[in-house]
Number of protein chains: 2
Amino acid sequence: MNKIVVYGVGLIGGSFARALKAAGAVRHVVGIDRSEASALRALELGIIDEAVVGAQADAAAEAAAIRSADLVVLATPVAQTARILEGLLPHLGAQTIVTDCGSTKADVVAAARAVLGDRIGQFVPGHPIAGRETNGPDAAIADLYIGKKFVVAPLAENAPEAVARVTDAWRTCGAIIHRLTPEEHDKVFASVSHLPHLLAYALVDDIAGKPHADLLFQYAASGFRDFTRIAGSSPEMWRDISLANQAALLSELDAYMAQLTHLRERLAAGDGATLEAVYGNAQRARRRWIEAIEAAEAPPPKDTAE
Amino acid sequence: MNKIVVYGVGLIGGSFARALKAAGAVRHVVGIDRSEASALRALELGIIDEAVVGAQADAAAEAAAIRSADLVVLATPVAQTARILEGLLPHLGAQTIVTDCGSTKADVVAAARAVLGDRIGQFVPGHPIAGRETNGPDAAIADLYIGKKFVVAPLAENAPEAVARVTDAWRTCGAIIHRLTPEEHDKVFASVSHLPHLLAYALVDDIAGKPHADLLFQYAASGFRDFTRIAGSSPEMWRDISLANQAALLSELDAYMAQLTHLRERLAAGDGATLEAVYGNAQRARRRWIEAIEAAEAPPPKDTAE
């Protein structure tokens, strides 16, 4: 590609840019960020070739960048999707494809449809599965996506060539391409990502609110540290994801609370056989899952002892 | 010490024996295990000097081992406490102190009182905080307890010298000695250990039971792996712990379910401000906790990026 524009030059957008540059797959990368410090840092690190700070003053630079881009990638919080698309639409050439990296898809698609109207075919929804608790341009690395999944959630209006431009770029970054509908995507991630985040946040907040919280935290050990690691993630980002995927998340939360109610009742009844059956089923399912990951990808760094 | 006897030569008991031997703090270690393979493996690895398989045939060897021991350590599932104490009581000399490593204390104390009667002063309840998902003699290492906490939960009947024999041994292993009552202990660990285990098991079982479980697991990533790591633990052990600490665990589970009910209601109402406040409070509390750990102990291996 001749030119790509990346909105948000943190971990996700910055790593995407680094990977394409490392592969020699793009000539010129423009980074647009609402934080001037991030934009300049990304320039300094060589992640991008041109920095635009997403404020009024740089509207002309943003317009010029968009006008001749092959690919525009939104690597920003999902709640900003509509605002960014509104800003770029007037400058969007017919040859440019826009994609995103959002953790939810149905809301992003709705926002894109509302803003882009009959240009919606130029928007190809996507989601690279490679989160970390780190962020900012300094966290960006060229090999973040190697062996990771990229979920493309194409729309009926997307031409095959438009989808291919997006998936080719992610394949160049080392990602394995998966395809889901936006609705499937949101159900899946409500279950294996959004719900666990809510549960971890809830547990830490619950403990932190107890009168003897300091005593409790004093005895929390490595199991607690791993269980609550995702509660170290950005509250703003996860507020947005929770609201953006509200319906699917509520449905998963209800199923989980029904499960807890059942376990509570069995625990109160002293029913060790049922507890052991549930715990054992979980242990076996998790072990099969870890084995499947290890067979499909590089071994994860931390589960070698299991 | 001249001689110690360790029931259970896996990770916990084996590491205790290794650490005392490495420090030159014990002359002779007898390992007793219901698994002949484990007992012989521990002997082969040099973890113990003498192996007794805890079956009828070796009752005489067990009696001889107990008779002249300075310290007897139970590193076995808590549900076996009464049976083991019944077996050793007839041979228990007045000079011997017995301690345990159980994850629950009130039930262990109750079992010990019931079995030992007026010899209860010789039993000093304890709990080293150093679990892992690995087990067996091969997992035992001399430095497992360095910088870790050992909770002693002394009884009114314990002479100070009896408590000191136990805490001195654990201090020699590198542990930091903490003191809680059995009831405090059980409340604390229901909150920061037992409840998280139940929650992790429940989530994996919940997902594994869905018709599209394979699809869901396919998209589970590193956050899910960490969150569910404790669901890789032994179902039998955690069944026993759940039942042994039933009352405290039910109380913590009820508080957590009330928290989830509140969050569900706020999510359904689209109340982003409350979600962000809860998530943010959790993130800050966790960060303070991680910083306190890092200040107090060696840095944990995996949280450096946060």
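# Exercises on a two-chain interface

B:R264 has a relative accessible area of 25% and is partly exposed. This residue returns in Exercise 2. The model is predicted.

## Exercise 1. The extent of the interface

Determine how many residues each chain gives to the contact, how much area is buried, and which three residues of chain B supply the most of it.

Solution.

Step 1. Count the residues: chain A and chain B each bring 90 residues to the contact.

Step 2. Turn to area. The size of an interface is often expressed as the accessible area lost when the parts come together. Here chain B and chain A bury about 8,500 Å² between them, and carbon and sulfur atoms account for 66% of it.

Step 3. Consider the contributions within chain B: B:Y219, B:Y279 and B:W289 supply 10% of the area this chain buries against chain A, more than any other three residues.

## Exercise 2. Polar and charged links between the chains

State the counts of salt bridges and polar contacts between chain B and chain A, and describe two of the bridging pairs.

Solution.

Step 1. Between chain B and chain A there are 8 salt bridges, while the count over all chains is 28.

Step 2. In one pair, B:R264 joins A:D254 with an N to O distance of 2.5 Å. The link runs between chains, from helix α11 of chain B to helix α11 (residues 246–268) of chain A.

Step 3. Classify the partners. A value between 20% and 50% is partly exposed, so A:D254, at 33% relative accessibility, falls in that class, as does B:R264 at 25%.

Step 4. In another pair, the side chains of B:R239 and A:E276 form a salt bridge at 2.4 Å, N to O. A network of salt bridges also links A:D226, A:R229, B:D226 and B:R229.

Step 5. For polar contacts, 38 residue pairs are found between chain B and chain A, both residues being at pLDDT 80 or more. On the side of chain B that touches chain A, the elements giving two or more residues include β8 (149–152), α8 (213–219) and α12 (272–296). The element that gives the most is α7(B), with 17 residues. By class, this side of chain B divides into 51 nonpolar, 20 polar and 19 charged residues.

## Exercise 3. The nonpolar core

Identify which members of the largest nonpolar core touch the most other members, and list the contacts of B:L199.

Solution.

Step 1. In soluble globular proteins, nonpolar side chains tend to be buried together. The largest nonpolar core here has 84 residues, of which A:L199, A:L260, B:L199 and B:L260 touch the most other members.

Step 2. Leaving out residues up to four places away in sequence, B:L199 touches A:L203, A:F227, A:Y256 and A:L260 in chain A, and B:L253 and B:Y256 in chain B.

## Exercise 4. A loop residue and an intrachain salt bridge

Is B:S103 buried or exposed? Which parts of chain A does the pair A:D138 and A:R41 link?

Solution.

Step 1. B:S103 sits in the loop between β5 (97–100) and α5 (106–116) of chain B. Buried means under 20% relative accessible area, so B:S103, at 13%, is buried.

Step 2. Beyond its neighbours within four places in sequence, B:S103 contacts B:V78, B:H127, B:H185, B:H194, B:M237 and B:I241.

Step 3. In chain A, the closest N and O atoms of the salt bridge between A:D138 and A:R41 are 2.6 Å apart. These residues lie 97 residues apart, A:D138 in the loop between β7 (126–128) and β8 (149–152) and A:R41 in helix α2 (residues 36–44). A:R41 is partly exposed at 28%.

Note on methods
Residues are numbered from 1 along each chain as its sequence is written. Chains are lettered from A and ligands numbered from 1 in the order in which they are written. This is a predicted model: local features need pLDDT of at least 70, side-chain atom pairs count only at pLDDT 80 or more; totals for chains, interfaces and linings use all residues. Side-chain values use heavy atoms; hydrogens and water are left out. Helices (H or I, at least four residues) and strands (E, at least two) are DSSP runs, numbered from the N terminus. Buried means under 20% relative accessible area, exposed over 50%, partly exposed in between (1.4 Å probe, protein chains only). Contact means heavy atoms within 4.5 Å. A nonpolar core is a set of buried Ala, Val, Leu, Ile, Met, Phe, Trp, Tyr and Cys residues joined through side-chain atoms within 4.5 Å. Buried area is the accessible area (1.4 Å probe) that two parts lose on being put together, summed over both. A salt bridge is a side-chain nitrogen of Lys or Arg within 4 Å of a carboxyl oxygen of Asp or Glu. A polar contact is a pair of N or O atoms within 3.5 Å; within protein, one must be able to donate a hydrogen and the other to accept it, and residues adjacent in sequence count only if both atoms are side-chain atoms. Ala, Val, Leu, Ile, Met, Phe, Trp, Tyr, Cys and Pro count as nonpolar, Asp, Glu, Lys and Arg as charged, and the others, Gly among them, as polar.
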